[in-house]
Amino acid sequence: MPRLSEVIAALDALWPPERAEQWDAVGTVCGDPDAEVLRVLLAVDPVQEIADEAVELGAQLIITHHPLYLRGTTTVAAGHFKGRVVHTLIKNDIALHVAHTNADSADPGVSDALAGALDLRVVRPLIPDASDPAGRRGLGRICELDHPETLGEFARRAAERLPATAQGVRLAGDPDALVRTVAVSGGSGDSLFDAVRAAGVDAFLTADLRHHPVSEATQRSPLGLVDAAHWATEWPWCELAAAQLDEISDRQGWNLRVHVSRTVTDPWSSRFSSPGAPN
Ligand SMILES: [Zn+2]
């Protein structure tokens, strides 16, 4: 059985922490480097349900995409909801490791997994990482469709292929417009509009889009916008990361048991369509 420090070294090779954005907080949140690791749980959010799931599973390590403490803290008291997560983990000898923007920009990364879930052919990053001479790392991905389809068909496919959430998938633009090229970005994507426009794609699949950026983008050009739940756009990365870790485990003879959480941790829990609203 590998020690946590050995598994973390392998994770750091997949998603080097120095490639995270300056504002980010990635790496190991808690865990004993000398502890042995057999079961690993992958999830998007380090919330209490996931900590409880890891206890139930008998996992020694949780790998999440989102940080537990993005802006630091002065307390891990169990009376606070994040402190309770820390207590649950430490009491049960479970480590927590975060790969956030370093997993976004990795090759393959979060947006490759999103593209893969929809069978899109990745052409290049939307915003390439200047430090990668191969031009494969970076934020978002520009993709081609093997067969052109309408924006409505594309959005429907996103709804079918991504895990189910209360939000489902929203669309802005002409559902009958033809889509040949798309930009995809797992997680909040509305800071990427300039790059998406510059790429000249037919549609943009992302999450957390807001009224004004969407209104302006659709007024300005025929760009189709497909907005899925934040959690759903990043969840495919858990499966990708699990496959990567399985492969490392096989190569190293570690015999790790790698699990992907199917718990929906998107915070939006219900949705009510307005009577008479367009569908
Ligand atoms: Zn995210």
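## Briefing: helix α1, strand β2 and a six-stranded sheet

On helix α1, the face turned away from the buried side carries two exposed residues, A9 and A13. Keep in mind that this is a predicted model. Below, we start with α1, move on to strand β2 and its partners, and finish with the open sheet of 6 strands.

**Helix α1**

- Helix α1 spans residues 4–14, and its buried residues are L4, V7, I8 and L11.
- Those four span an arc of only 100° around the axis, so they end up on the same side of α1.
- As for what sits over them, the cover on the buried residues of α1 includes β1 (27–30), β3 and β4 (95–98).
- Flip to the face turned away from that buried side and you're back at the exposed pair, A9 and A13.

**Strand β2 and its neighbours**

- Strand β2 runs over residues 39–43 and is mostly covered, with 4 of its 5 residues buried.
- One partner is strand β11 (residues 257–260), which pairs with β2 in the parallel sense over 4 bridges.
- If you want a register marker for that pairing, R39 has R257 in β11 as its bridge partner.
- Strand β3 (residues 61–64) also pairs with β2, again in the parallel sense and over 4 bridges.
- Here the marker is L41, which stands opposite I62 in β3.
- Helix α2 (residues 48–57) joins in too: β2, α2 and β3 together make a right-handed β-α-β unit.
- β3 also turns up in the α1 story, since it is among the elements covering that helix's buried residues.

A quick bit of background on pairing: strands of a sheet pair through backbone hydrogen bonds, and they can do that either parallel or antiparallel.

**The open sheet of 6 strands**

- Reading across this open sheet, the strand order is β5-β6-β8-β9-β10-β7, and the pairing is mixed.
- β5 (121–128) and β7 (169–172) are at the edges with a single partner strand each, so each has one side left without a neighbour in the sheet.
- On average, neighbouring strands of this sheet are turned by 25° against each other, direction ignored.
- Within the sheet, strand β9 (residues 203–207) and strand β10 (residues 224–228) pair in the parallel sense over 5 bridges.
- For that pairing, L205 has V226 in β10 as its bridge partner.
- Helix α5 (residues 110–117) packs on the sheet, where it touches β5, β6 (138–150) and β8 (178–188).
- The direction of α5 makes about 135° with that of β8.

Conventions:
Residues are numbered from 1 along each chain as its sequence is written. This is a predicted model: local features need pLDDT of at least 70, side-chain atom pairs count only at pLDDT 80 or more; totals for chains, interfaces and linings use all residues. A residue is buried if 20 or more other C-beta atoms lie within 10 Å of its own, exposed if 12 or fewer, and partly exposed in between; C-beta atoms are placed from the backbone. Two strands pair if DSSP finds at least two bridges between them. A crossover is right-handed if, with the strands pointing away from the viewer, the path from the first strand over the helix to the second runs clockwise. Axes are lines fitted to C-alpha atoms, for helices over the stretch in contact, and angles run from 0 to 180 degrees between N-to-C directions. Two residues are in contact if their C-beta atoms, placed from the backbone, lie within 7 Å. The arc is that of the directions from the helix axis to the C-beta atoms.
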